[in-house]
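Please take a moment to look over the sequence and the model together before reading on. The paragraphs below are meant to be followed with both in view.

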Amino acid sequence: SEPFSLGAFPFLATGSSPADLGELRRPLGGRLFFAGDATETRCLGTTAAACTSGLRVCAELLDQFCPEEALAVESSAAAGKLKEHKKHKHKDKKHDHDDADDKHKHREKEKEKDKHKDKKKEKDKDKDK
């Protein structure tokens with residue numbers, strides 16, 4: 001329905017490289033900054049790339065026009081990243097714990113099977129006598 005883009009998306013054309021994306025995001029004259037999913041090398045063409053590029057431009061603007069604010073934002077962003085990292089690390093530990101539980105359950109089932117086999121062998125021996 002969009003007459004100008006018709007569902008367009010960014011991609012690296014043959015002969016281009018991720019370095020070309022760096023050219024797309026280079027500010028012009030220190031006043032015109034570029035953001036968007038086509039300016040990020042990671043996750044090119046995604047919502048995550050668009051959001052990341054917006055944060056990048058925000059940081060560039062703060063660095064240029066409000067350096068003291070940029071430090072506060074960096075500290076806050078670092079704290080947020082640390083919190084997110086801890087959350088993911090906790091999830092990973094939970095998965096590790098779940099895996100250990102699954103292994104333990106599997107070993108217990110195997111022991112039960114072995115006990116059952118041993119009982120059957122003893123029964124068969126008794127029958128043979």
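What follows is a walk through this predicted model, from its overall make-up to individual side chains.

The protein contains three helices and zero strands, and, when it is read along the sequence, its pattern is α-α-α. Of its 129 residues, 9% count as buried. Among the contacts between residues at least 6 apart in sequence, 24% join residues at least 24 apart.

Helix H2 is a useful place to begin, and it covers residues 47-65. This helix has 19 residues and spans 27 Å from its first C-alpha to its last, which is close to the 27 Å expected at 1.5 Å a residue. Its buried residues are Ala49, Ser53, Arg56, Val57 and Leu62. Two of these, Ser53 and Arg56, are worth following in turn, beginning with the serine.

Ser53 has a relative accessible area of 0%, and therefore counts as buried. What does Ser53 contact, once its neighbours within four places in sequence are left aside? The residues in question are Ala35, Gly36, Asp37, Thr39 and Glu40. With Gly36 there is also a close approach of polar atoms, since a polar atom of the Ser53 side chain lies 2.7 Å from the backbone nitrogen of Gly36.

One of the contacts of Ser53 is Thr39, a residue found in the loop between H1 and H2. Thr39 is buried as well, its relative accessible area being 5%. Apart from neighbours within four places in sequence, Thr39 is in contact with Leu21, Leu24, Arg25, Phe34, Ser53 and Arg56. With the last of these, Arg56, the side chain of Thr39 makes a polar contact of 3.0 Å.

Arg56 leads on to the charged side chains. In general, side chains of opposite charge can pair when their charged atoms come close. The count for this model comes to three salt bridges, and Arg56 takes part in one of them with Glu40, where the distance from N to O is 2.8 Å. Because Glu40 lies in the loop between helix H1 (18-24) and H2 while Arg56 lies in helix H2, this pair ties together parts that are 16 residues apart in sequence. Both Glu40 and Arg56 are buried.

A further salt bridge joins the side chains of Arg56 and Glu60, at 3.3 Å from N to O. Here both partners belong to helix H2, and they stand four residues apart, which is about one turn of the helix. Why might such a spacing suit a pair of side chains? An α-helix has 3.6 residues a turn, so residues three or four places apart point the same way. Is each partner buried or partly exposed? Arg56, at 17% relative accessibility, counts as buried, whereas Glu60, at 24%, counts as partly exposed. Through salt bridges that share partners, Glu40, Arg56 and Glu60 are joined into one network.

The remaining salt bridge to describe is between Arg26 and Glu23, whose closest N and O atoms are 2.9 Å apart. Arg26 has a relative accessibility of 47% and so counts as partly exposed, and Glu23, with a relative accessible area of 49%, is partly exposed too.

Aromatic rings offer another kind of pairing to look for, and a search of the whole structure finds one aromatic pair. The pair consists of Phe9 and Phe11, whose ring centres are 6.0 Å apart and whose planes meet at 50°, so the arrangement is described as tilted. Phe9 counts as exposed, at 59% relative accessibility, and Phe11 likewise counts as exposed, at 58%.

Finally, the cysteines deserve a look. A disulfide is a covalent bond between the sulfur atoms of two cysteines. The search of the whole structure finds zero disulfides. Why does Cys58 form no such bond? The cysteine sulfur closest to that of Cys58 belongs to Cys66 and is 9.8 Å away, which is too far for a bond, given that a disulfide requires two sulfur atoms within 2.5 Å. As for its surroundings, Cys58 counts as partly exposed, at 38% relative accessibility.

Definitions and conventions
Residues are numbered from 1 along each chain as its sequence is written. This is a predicted model: local features need pLDDT of at least 70, side-chain atom pairs count only at pLDDT 80 or more; totals for chains, interfaces and linings use all residues. Side-chain values use heavy atoms; hydrogens and water are left out. Buried means under 20% relative accessible area, exposed over 50%, partly exposed in between (1.4 Å probe, protein chains only). Helices (H or I, at least four residues) and strands (E, at least two) are DSSP runs, numbered from the N terminus. A polar contact is a pair of N or O atoms within 3.5 Å; within protein, one must be able to donate a hydrogen and the other to accept it, and residues adjacent in sequence count only if both atoms are side-chain atoms. Contact means heavy atoms within 4.5 Å. A salt bridge is a side-chain nitrogen of Lys or Arg within 4 Å of a carboxyl oxygen of Asp or Glu. The expected span of a helix is 1.5 Å times one less than its number of residues. Rings of Phe, Tyr and Trp (its six-membered ring) pair if their centres lie within 6.5 Å; planes under 30 degrees apart count as stacked, over 60 as edge-to-face and the rest as tilted.
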